[in-house]
Amino acid sequence: MRRLATDTRGQSGEPRFHSVAEAAHILGVSEMTMYRAIRSGQFPAVQLMGRLIIPKRVIDEIIDTAIDTGALVNTQDWTVDARVSATPGQREGQRA
């Protein structure tokens with residue numbers, strides 16, 4: 001059985017998750033755009049009893065990848081389908 005961490009905050013004391021509204025604000029899109037992207041499988045989220053939350057780490061990694069590569073980042077690369085089809089050794093969320 002997988003053990004769950006009870007701490008919802010990272011070492012810096014910042015929340016480890018964002019609400020859809022917070023994530024939309026950070027990324028400069030509307031809440032509706034975020035909900036549509038999540039529901040269509042184009043943006044990763046966690047659903048807990050009907051509430052959607054977005055891991056802070058996902059947003060940080062997407063932003064870092066865009067900055068580091070200087071290339072277009074497709075958020076769909078961070079969804080379950082992309083991780084399942086990734087080749088061995090390929091970092092999750094990055095294209096081959």
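**Notebook: sheet, helices and core**

I began with helix α1, residues 20-27, and found that α1 lies across β1 and β3, running at about 95 degrees to β1. I note here that I am working from a predicted model.

I then looked up helix α2, residues 31-39, which lies across β2 and β3 and runs at about 90 degrees to β3.

Next I turned to the sheet itself, an open one in which three strands follow the order β1-β3-β2 with antiparallel pairing. I marked β1 (17-19) and β2 (46-48) as the edge strands, because each has a single partner strand and so has one side left without a neighbour in the sheet. From one strand to the next, the twist averages 40 degrees.

I went on to the pairing of β2 with β3, residues 51-55, where I counted three bridges between the two antiparallel strands. In this pairing I found L48 standing opposite R51 of β3.

The loop between β2 and β3 holds M49, and I checked its backbone and its accessibility. The phi of M49 is near 50 degrees, which is a positive value in a residue other than glycine. I wrote beside this that most residues other than glycine have a negative phi. M49 counts as exposed because its relative accessibility is 83%, the cut-off for exposed being over 50%.

I also noted a positive phi at G28, of about 75 degrees, just after α1.

Back at α1, I asked which of its residues are buried, and found V20, A23 and A24. Seen down the axis of α1, these buried residues fall within an arc of 100 degrees, so they line one face of the helix. Looking for what covers them, I listed β1, α2, β3 and α3 among the elements that do so.

I then examined the largest nonpolar core, which has 14 residues, and recorded V20, M34, I38, F43, I54 and I62 as those with the most contacts inside it. The elements that give two or more residues to this core are α1, α2, β3 and α3, the last spanning 56-69. For background I added that nonpolar side chains tend to be buried together in soluble globular proteins.

Finally I followed the contacts of I54, leaving out residues up to four places away in sequence, and found that I54 touches R16, F17, H18, S19, V20, A23, M34, I38, F43, P44, A45 and I59. Of these partners, I marked V20, M34, I38 and F43, which, like I54, are listed among the residues with the most contacts inside the core.

Technical notes: Residues are numbered from 1 along each chain as its sequence is written. This is a predicted model: local features need pLDDT of at least 70, side-chain atom pairs count only at pLDDT 80 or more; totals for chains, interfaces and linings use all residues. Side-chain values use heavy atoms; hydrogens and water are left out. Two strands pair if DSSP finds at least two bridges between them. Helices (H or I, at least four residues) and strands (E, at least two) are DSSP runs, numbered from the N terminus. Axes are lines fitted to C-alpha atoms, for helices over the stretch in contact, and angles run from 0 to 180 degrees between N-to-C directions. Contact means heavy atoms within 4.5 Å. Buried means under 20% relative accessible area, exposed over 50%, partly exposed in between (1.4 Å probe, protein chains only). A nonpolar core is a set of buried Ala, Val, Leu, Ile, Met, Phe, Trp, Tyr and Cys residues joined through side-chain atoms within 4.5 Å. The arc is that of the directions from the helix axis to the C-beta atoms.
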